[in-house]
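Q: I'm new to this one, so could you pick a single part and give me a close look at it? Please keep it chatty, and explain the terms as you go.

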Amino acid sequence: MEFILLAVIGLLSGVVGALVGLGGGIILVPATIFVGITLGLIDGITPQSVVGLSVIMMVFIGLGSTLSYMKIKTIDYRSGIIFFIGSIPGTLLGAYVNKGLEIKSFNLYFGMLLIVLATLLLVRKYLKPIYWFRNHGKTRTFTDKLGETYTYGFPIWFALLLTFGIGFASGLFGIGGGSIIVPAMILLFLFPPHVAVGTSMFMVFLSAIVNSITHISLGNVPWLYTIPVIPAAYIGAKIGARLNQKMKSETLVVALRIVLLLLGVRSIVEGLMG
């Protein structure tokens, strides 16, 4: 039963993570904490082990979706590497801070982050793009299948600062940086949405490797539970990347932000009351 539950969670995490560039941990972490700790259906689960499981899973979600996006050429490798370099020190710091979190504190802070992310997803459609970053950075162009050309860009110094903070959240909560970097790329740096998703998953893949090494060294990875999660997440990532090209992701984003909001409120209540 534990393996079946984890396989289902891993599959959903892979599909959603690759479809909208959120990495997958944003689904796996709250779902596994609820099923494993709140309902008590998975033995030996702690906030640290859930984060360890999540970062291992994201290596394979990132790999599967990156390979798919490479084929359709929607990855900006140079930007992805810059974002990755900025995230490394933040990821390491976040992983070490995670070591001292108890379940009440984890729930409280994680719930607050979920609400912030849900709010970003809710309002990003109504926010006006900010041109300052593109105008004060090195620009790039991308032409989509319909022949529409996008011009986007960013100052490298700002990208490094931003991704340091994103890396810290990734290491602390095991959610992957895509949930924060995708709205930032679209709203601040004017990335085309498909390039933002593809580049985000490339960065998630690179960051997850560093993140996983850190959590392995800290003993946070429940290796037995990676058996059902890894193949399910990899398959889910391939499915999500294909769906990304065949359907509008806005419908899923609407559902996702509602789920994130509900999970965030519930997590905060548990952190305060539990």
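A: A quick term to start: the bend at a residue is the angle between axes fitted to the seven residues ending there and the seven starting there. Helices here are DSSP runs (H or I, at least four residues), numbered from the N terminus. This is a predicted model, where local features need pLDDT of at least 70, side-chain atom pairs count only at pLDDT 80 or more, and totals for chains, interfaces and linings use all residues. Residues are numbered from 1 along each chain as its sequence is written, and side-chain values use heavy atoms, leaving out hydrogens and water.

Let's look at helix 4. It takes up residues 77–98, 22 residues in total, and its first and last C-alpha atoms are 30 Å apart. That's close to the expected 32 Å, worked out as 1.5 Å times one less than the number of residues. Helix 4 has a kink of about 35° at serine 87, shortly before proline 89.

Just ahead of helix 4 comes a loop from helix 3, and lysine 73 sits in that loop. Lysine 73 isn't a glycine, yet its phi is positive, at about 60°. Most residues other than glycine have a negative phi. Lysine 73 also counts as exposed, because its relative accessibility is 69% (exposed is over 50%, buried under 20%, partly exposed in between, with a 1.4 Å probe and protein chains only). Right at the start of helix 4, aspartate 76 has a side-chain oxygen that comes within 3.3 Å of the backbone nitrogen of arginine 78.

Which residues of helix 4 are buried? Going along the helix, they are Ser79, Gly80, Ile82, Phe83, Phe84, Gly86, Ser87, Gly90, Thr91, Gly94, Ala95 and Asn98. So serine 87, where the kink lies, is among the buried ones.

From the kink region we can look across to glycine 24. Its C-alpha is 19 Å from that of isoleucine 88, and the two residues are 64 residues apart along the chain. Glycine 24 belongs to the loop joining helix 1 (2–20) to helix 2. It's buried, because its relative accessible area is 0%. Beyond its neighbours within four places in sequence, glycine 24 is in contact (heavy atoms within 4.5 Å) with Ser13, Gly17, Met57 and Ile61.

Met57 turns up again where helix 2 (residues 25–38) meets helix 3 (residues 47–71): Gly25, Leu28, Val29, Thr32, Ile33 and Ile37 on helix 2 meet Pro47, Val50, Leu53, Ser54, Met57 and Met58 on helix 3.

Notes: Helices (H or I, at least four residues) and strands (E, at least two) are DSSP runs, numbered from the N terminus. A polar contact is a pair of N or O atoms within 3.5 Å; within protein, one must be able to donate a hydrogen and the other to accept it, and residues adjacent in sequence count only if both atoms are side-chain atoms. Axes are lines fitted to C-alpha atoms, for helices over the stretch in contact, and angles run from 0 to 180 degrees between N-to-C directions.
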